[in-house]
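Here is a short tour of one chain, written for someone who likes to have the numbers beside the picture. Have a look at the structure first, and then we can walk through it together.

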Amino acid sequence: MPPLELDLIRQRYNYACGYCGVSEVSAGGVLTVDHYRPLSAGGGDELDNLVYACVRCNQYKHSYWPTADDERLGFRVLHPLLDSLSTHYRLVVASGRFDPLSKIGHFHVTLLRLNRPQLVQHRLKEQMRKLLEGKLTMLEQQVREMEQTISAQERYISALEARLGLGPVSPTRR
Ligand SMILES: [Zn+2]
């Protein structure tokens, strides 16, 4: 695949697997490109048929394409950009697992093993990281506010000292 086209796909998928969401940074490298409709099932190289996918998801999806029976039962793999994923499954924050909301969602999550233990653990860790980042931001804001209060109090004390003639203001005071 020409580098420019690969870059376009990476950008289109925000540098993360379209199926499981693992980022290049978490995976430690560039991911693979999956043919949504496999070449063996008549798929082509058009942009919409190219899904940025991690090695595992690509492996689990392999050359799956709905058989006539699957089609009759409504089974297929969801397209990360062309299907509304939230209609078919949702993330349960407490468990880090994808909870299917439809028959297709159940099929999709099962085929791609989107609740594989390492992935669930990764989601839980990411959630924890985001939570801690939020808390850190809050604490930094509180420290800034306290610093402002302290410097306002210092200015007030200096002014009082000057008014009461208590000598030169100490150099640390602003
Ligand atoms: Zn993946």
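Glycine 165, just after helix α7, takes a positive phi of about 65°. A positive phi also turns up just after helix α6, where arginine 113 has a value of about 50°. Please keep in mind that this is a predicted model. The two residues are set out here:

| Residue | Place | Phi |
|---|---|---|
| Arginine 113 | just after α6 | about 50° |
| Glycine 165 | just after α7 | about 65° |

Helix α7 itself deserves a moment. It covers residues 117-163, 47 residues in total. From its first C-alpha to its last it reaches 69 Å, close to the 69 Å expected at 1.5 Å a residue. Is this helix buried or in the open? The number of buried residues in α7 is two out of 47, so the helix lies largely in the open.

Helix α6 (residues 103-111) has its own buried residues: Gly105, Phe107, His108 and Val109. Among the elements that cover them are α5 (85-88), β3 (89-92) and β4 (97-100).

Now for the core. In soluble globular proteins, nonpolar side chains tend to be buried together. In this chain, the largest nonpolar core has 20 residues. Those with the most contacts inside it are Cys17, Tyr19, Cys20, Ala53, Cys54, Cys57 and Leu114. Strand β2 (residues 50-53) gives the largest share of this core, four residues. What does alanine 53 touch? Leaving aside residues up to four places away in sequence, its contacts are Cys17, Gly18, Tyr19, Leu31, Thr32, Asp34 and Asn58.

Stepping back to the whole chain, there are seven helices and four strands. Along the sequence they follow the pattern α-α-β-β-α-α-α-β-β-α-α. The radius of gyration is 27 Å, well over the 16 Å that the globule rule gives for 174 residues, so the chain is more spread out than a compact globule. Its C-alpha atoms fill a box of roughly 95 × 40 × 25 Å along the principal axes.

The chain is divided into domain 1 (3-115) and domain 2 (127-174), and the C-alpha centres of these domains lie 51 Å apart. Buried residues make up 19% of the 174 residues. Of the contacts between residues at least 6 apart in sequence, 46% join residues at least 24 apart.

How values were computed: Residues are numbered from 1 along each chain as its sequence is written. This is a predicted model: local features need pLDDT of at least 70, side-chain atom pairs count only at pLDDT 80 or more; totals for chains, interfaces and linings use all residues. A residue is buried if 20 or more other C-beta atoms lie within 10 Å of its own, exposed if 12 or fewer, and partly exposed in between; C-beta atoms are placed from the backbone. Two residues are in contact if their C-beta atoms, placed from the backbone, lie within 7 Å. The expected span of a helix is 1.5 Å times one less than its number of residues. Domain bounds come from an automatic or database domain assignment. A nonpolar core is a set of buried Ala, Val, Leu, Ile, Met, Phe, Trp, Tyr and Cys residues joined through C-beta atoms within 7 Å. The radius of gyration is taken over C-alpha atoms; the globule rule is 2.2 Å times the number of residues to the power 0.38.
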